[in-house]
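Thanks for having me today. I would like to walk slowly through one structure with you, starting with how its strands sit beside one another and ending with what lies in its interior.

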Amino acid sequence: MLSFIVLFTHQTEGQESILKALKSPVILKGNDSIAYRDPAILFHQNVFYLFYTLVKAEEGLVYSYTAISKSKDLIHWSPGEIITPKGQHFNFCSPGNVIRFNDEWVLSLQTYPRPGLGVNDPVTYGTSEARIYTMRSKDLKSWTEPELLKVKGPKVEQEDMGRMIDPYLVEDKDEKGKWWCFFKQNGVSMSYSYDLNNWTYCCHTSSGENVTVLTENNEYLLFHSPENGIHIKRSSNLKDWKDWGDLIVLGQDQWQWAKGRITAGTVVNLRRNPKYGKYLMFFHGSGPKTEEEGDFDKNASIGIAWSDDLINWEWPGK
């Protein structure tokens, strides 16, 4: 019993020391010409792989990319590496998550077409041509070209699929080998596949954007973003969803960098990891202006918070 207490104490102290070493909730800080948005996180072999939307001004135009930074301690992050091609007609961005499938890593992401958008133009959102894609990698370094996800089925042509963004892939909790793709359309829509190539559309439910889905205790936990903040829904069958908990806005009332909006919360469950022992949430905040006022393609930053129960949240400096 004594040895268990000592081990538990050391683990708890380790968790607290790692998270308490963080001096700021901001991991990647945006500025007047750069925005960091839409985080997706993979924790693999004690390394955090942070995928995100990188928006930046180049030669008077605004471009969006998917980029990746890595860290072993949540403090020191590698310089962002862009992994998607340049072009306003596609703007591959908003990574959802990375899964392991058939000895490959599969990253879900979207396009966000905004052809001709200049740095001095009013805020413009992605066109109706936005679609969802995957990219694959053997080593988390080299990635294939983006491949369209035909989540409406093989007979529905790309031009007839409708605007869709924010994909997220999760394995069915009851049937191994069956994968679900959640994506923003009519609330959140859901399609399933056994090979990630042939998809069958299922259903949809009311939801905000930037969905993350965890499975635990025989339930699906769906994190999504309304106009501001992060909400949670629960379901045991993917059909009947119930709102759960309060709107999560963290320290927004104290953060000028997130005064305009907190959104795109993605959560990884590291409660059983002796170094962390928490749920970790990565999100982005924009401000001090609202997105409509201009802090959409600039002044957006990625932050971090953590929780034991998904209700009570902590962050550096709280």
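Before we look at any strand, one term: two strands are said to pair if DSSP finds at least two bridges between them. Please also keep in mind that what you see is a predicted model.

With that term in hand, let us go to strand β9, residues 147-148, which pairs with β8 in the antiparallel sense over 2 bridges, and where L148 of β9 stands opposite Y133. β8 also pairs in the antiparallel sense with strand β7, residues 104-110, this time over 6 bridges, and W105 has S137 in β8 as its bridge partner.

How many of the residues of strand β8 are buried? The count is 6 of the 6 in residues 132-137, so the strand is largely enclosed by the rest of the structure. If you follow the side chains along β8, I132, T134 and R136 point one way, while Y133, M135 and S137 point the other way, and all are buried.

Now to the interior. The largest nonpolar core has 23 residues, and those touching the most other members are F48, L50, Y52, L74, Y276, L280 and F282. Several elements each supply at least two residues of this core, among them α1 (2-20), β2 (34-44) and β19 (278-286), but the largest share, 4 residues, comes from β3.

Let us stay with F282 for a moment: leaving aside residues up to four places away in sequence, F282 touches residues including I27, P39, F48, L74, V268 and I304. Finally, there is a second, separate core of 20 residues, which includes A258, I262, Y279 and W315.

Technical notes: Residues are numbered from 1 along each chain as its sequence is written. This is a predicted model: local features need pLDDT of at least 70, side-chain atom pairs count only at pLDDT 80 or more; totals for chains, interfaces and linings use all residues. Side-chain values use heavy atoms; hydrogens and water are left out. A nonpolar core is a set of buried Ala, Val, Leu, Ile, Met, Phe, Trp, Tyr and Cys residues joined through side-chain atoms within 4.5 Å. Buried means under 20% relative accessible area, exposed over 50%, partly exposed in between (1.4 Å probe, protein chains only). Contact means heavy atoms within 4.5 Å.
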